[in-house]
Each structure stands twice: as C-alpha cells, then as structure tokens.
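Trainee: I have the sequence and the model open, and I would like to go through them carefully, one question at a time.

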Amino acid sequence: RATFLKKPFMVKKGDNVMIEARRGGLVIQTSGVTKGSGQIGQTVMVANSDSGRELRAKIVAPGLVQVDF
C-alpha cells in the first residue's frame with residue numbers, strides 16, 4: 001500500500017550541502033554540513049563549514065538548503 005511507504009530523506013545527518021541565501025536578485029552560497037536528516041520542505045540544522053555557526057535551513061533539493069535573511 002502507498003500509505004505504508006515513506007518518502008526518502010533528501011539530506012542525511014553529516015551530508016555536505018550547499019547553503020543558499022536569496023533576496024531579490026542577490027544569491028549568497030557557502031558549504032555546510034547537516035546536523036540532521038529530512039525531506040524536501042522540512043527544516044534541518046546546518047553548520048557553516050567556514051564559520052562553524054549553526055543555522056536553521058529549509059531543504060529545497062538534494063544537497064541544497066536555503067536560509068532566510
């Protein structure tokens with residue numbers, strides 16, 4: 001049955017991802033490491049690889065998360 005199936009995680013804990021921030025035509029990108037797992041549309045904590053700072057980000061595609069600023 002379809003109700004027994006679960007969507008696969010798009011990112012898993014420890015994955016390297018691209019962190020993206022968008023506003024208008026401005027796009028800022030950096031790399032990070034996920035602190036949890038999730039599916040598209042869910043939020044997950046991500047550590048910025050350069051600064052070590054942890055951010056809450058929305059999963060938008062495999063290997064890509066977006067933060068609000």
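Trainee: What relative accessible area does Arg22 have?
Mentor: This is a predicted model, in which local features need pLDDT of at least 70 and side-chain atom pairs count only at pLDDT 80 or more, whereas totals for chains, interfaces and linings use all residues. Residues are numbered from 1 along each chain as its sequence is written, and side-chain values use heavy atoms, with hydrogens and water left out. Buried means under 20% relative accessible area, exposed over 50% and partly exposed in between (1.4 Å probe, protein chains only). Arg22 counts as partly exposed because its relative accessible area is 47%.

Trainee: Which residue does the side chain of Arg22 meet in a salt bridge?
Mentor: A search of the whole structure finds two salt bridges, a term that requires a side-chain nitrogen of Lys or Arg within 4 Å of a carboxyl oxygen of Asp or Glu. At 2.9 Å from N to O, the side chain of Arg22 meets that of Glu20.

Trainee: Is Glu20 buried or exposed?
Mentor: Strands are DSSP runs (E, at least two residues; helices are H or I, at least four), numbered from the N terminus, and two strands pair if DSSP finds at least two bridges between them. In strand 2, Gln29 is the bridge partner of Glu20. The relative accessible area of Glu20 is 5%, so this residue is buried.

Trainee: Which residue forms a salt bridge with Glu54?
Mentor: Glu54 itself is partly exposed, because its relative accessible area is 44%. Its closest N and O atoms to the partner are 3.9 Å apart, and that partner is Lys35.

Trainee: How many residues apart are Glu54 and Lys35?
Mentor: Lys35 counts as partly exposed because its relative accessibility is 42%. The pair links distant parts of the chain, with Glu54 in strand 4 and Lys35 in the loop between strand 2 and strand 3, and the separation is 19 residues.

Trainee: Which residue stands opposite Ala47 in strand 4?
Mentor: Strand 3 (residues 43-48) and strand 4 (residues 54-61) pair in the antiparallel sense over five bridges. Within this pairing, Val44 stands opposite Ala57 in strand 4. For Ala47, the residue opposite is Glu54.

Trainee: In the hairpin of strand 3 and strand 4, which residue takes a positive phi near 80 degrees?
Mentor: On the other side of strand 3, three bridges join it to strand 2 (residues 26-34) in an antiparallel run, where Thr34 stands opposite Val46 and Val33 opposite Ala47. The hairpin of strand 3 and strand 4 has five residues between the strands, and the residue with the positive phi near 80 degrees is Gly52.

Trainee: In the hairpin of strand 1 and strand 2, which residue in the turn has a positive phi?
Mentor: Strand 1 and strand 2 pair in the antiparallel sense over eight bridges. Two residues lie between these strands, and the turn residue with a positive phi, about 60 degrees, is Gly24.

Trainee: In what order do the strands of the closed barrel run?
Mentor: The chain comes to zero helices and five strands, and from the N terminus on its elements run β-β-β-β-β. The closed barrel consists of five strands with mixed pairing, in the order 1-2-3-4-5. From one strand to the next, with axes being lines fitted to C-alpha atoms and angles taken from 0 to 180 degrees between N-to-C directions, the twist averages 55 degrees. The order asked for is thus 1-2-3-4-5.

Trainee: What distance separates the C-alpha atoms of Pro8 and Arg23?
Mentor: Pro8 has its place in the segment before strand 1 (16-23), and it counts as exposed because its relative accessibility is 56%. Pro8 and Arg23 are 15 residues apart along the chain, and their C-alpha atoms are separated by 29 Å.

Trainee: Which residues form a nonpolar patch on the surface?
Mentor: Patches consist of residues with over 30% relative accessible area and no salt bridge, with like charges joined within 9 Å and nonpolar side chains (Val, Leu, Ile, Met, Phe, Trp, Tyr) within 5 Å. One member, Phe69, lies in the segment after strand 5 (64-67) and counts as partly exposed because its relative accessibility is 44%. With about 290 Å² of accessible area together (Shrake-Rupley method, 1.4 Å probe, only the protein chains shown counting as cover for residues), the patch is formed by Leu26, Ile28 and Phe69.

Trainee: What percentage of the residues of the chain count as buried?
Mentor: The C-alpha trace spans about 45 × 25 × 15 Å along its principal axes, and the accessible surface of the chain comes to about 4,900 Å², of which 51% belongs to carbon and sulfur atoms. Of the 69 residues, the buried portion is 28%.
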